[in-house]
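Subject: Handover of a structure

Dear colleague,

Please find the structure below, together with its sequence. An account of what was found in it follows.

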Amino acid sequence: MSLTEELRTTTAHAVGRVEEVPPGEGRAFVAGGVQVAVFRLRDGSLHATQAACPHAGGPLADGQTDVDVLVCPLHLYAYRWTDGASTSGAAPIRVYPVHEVDGEIVVEMQDHPFPDAWQAQAEGA
Ligand code: FES
């Protein structure tokens with residue numbers, strides 16, 4: 001394990017109320033200073049990912065989703081919710097654990113000892 005990996009910790013961030021995200025849609029939030037996109041599926045489950053598409057920065061919160069994939073609204077690349085992998089072989093998206101606590105959306109983020117570099121990575125730079 002590298003020093004960077006050893007220094008990482010996970011922090012839970014309450015980003016907003018569940019009702020701010022209509023069923024079947026996504027919304028952008030900030031979690032720990034990082035832009036994230038949170039989706040509430042029609043079955044009530046939540047998913048979270050980075051806000052900007054790694055392909056060309058498309059707004060992932062405006063994408064279309066189902067239980068399996070998120071489709072970016074700009075060029076329609078699809079990404080799996082399970083691991084963030086692109087179904088077309090493009091760079092993956094980062095997926096974050098997310099859950100509801102008393103109506104609040106809670107996103108778990110790995111803290112990084114070098115936050116500027118981590119933010120750039122999260123945004124696909
Ligand atoms: S910006 Fe998302 S697929 Fe091109």
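To begin with one residue, Ala37 is in contact with Gly26, Ala28, Ala48, Thr49, Ala51, Leu60 and Ala61, its neighbours within four places in sequence being left aside. Please bear in mind throughout that this is a predicted model.

Ala37 also belongs to the largest nonpolar core, where it is listed with Val36, Val38, Leu60 and Val107 among the residues that have the most contacts inside that core. The core comprises 26 residues. Strand E2 (25–31), strand E3 (34–40) and strand E10 (104–111) each contribute at least two residues to this core. E3 provides the largest share of the core, namely five residues.

As to the chain as a whole, the protein contains two helices and 10 strands. Read from the N terminus, the elements follow the order α-β-β-β-β-β-β-β-β-β-β-α. The protein chain has 125 residues, of which 29% are buried. Among contacts in the protein chain with a separation of 6 or more, 41% are made by residues 24 or more positions apart.

Two open sheets deserve description.

The sheet that includes E3 is formed by four strands in the order E2-E3-E4-E8, with antiparallel pairing. Its edge strands are E2 and strand E8 (95–96), each of which pairs on one side only. Within this sheet, seven bridges connect E2 and E3, again in the antiparallel sense. Arg27 is found opposite Val38 in E3, and Val38 is itself one of the core residues with the most contacts. E2 and E3 form a hairpin with two residues between the strands, and in this hairpin Gly32 adopts a positive phi near 60°. When you inspect these strands, it may help to recall that side chains in a regular strand alternate between the two faces of the sheet.

The other sheet consists of three strands in the order E5-E6-E7, and here too the pairing is antiparallel. Strand E5 (64–65) and E7 are the edge strands, each pairing on one side only. E5 and E6 run antiparallel and are joined by two bridges. In this pairing, Gln64 stands opposite Val71 in E6.

Two loop residues may also be of interest to you.

Leu76 lies in the loop between strand E6 (69–71) and strand E7 (78–80). Is Leu76 buried or exposed? Leu76 counts as exposed because it has 12 C-beta neighbours inside 10 Å, and a residue is classed as exposed at 12 or fewer. Gln64, the residue opposite Val71, is 12 residues from Leu76 along the chain, and the C-alpha atoms of Leu76 and Gln64 are separated by 9.0 Å.

Glu19 is located in the loop between strand E1 (9–17) and E2. Glu19 has 10 C-beta neighbours inside 10 Å and therefore counts as exposed. How many residues apart along the chain are Glu19 and Gly103? The two are 84 residues apart along the chain, while their C-alpha atoms are separated by 7.8 Å.

With kind regards

Conventions
Residues are numbered from 1 along each chain as its sequence is written. This is a predicted model: local features need pLDDT of at least 70, side-chain atom pairs count only at pLDDT 80 or more; totals for chains, interfaces and linings use all residues. A nonpolar core is a set of buried Ala, Val, Leu, Ile, Met, Phe, Trp, Tyr and Cys residues joined through C-beta atoms within 7 Å. A residue is buried if 20 or more other C-beta atoms lie within 10 Å of its own, exposed if 12 or fewer, and partly exposed in between; C-beta atoms are placed from the backbone. Two residues are in contact if their C-beta atoms, placed from the backbone, lie within 7 Å. Two strands pair if DSSP finds at least two bridges between them.
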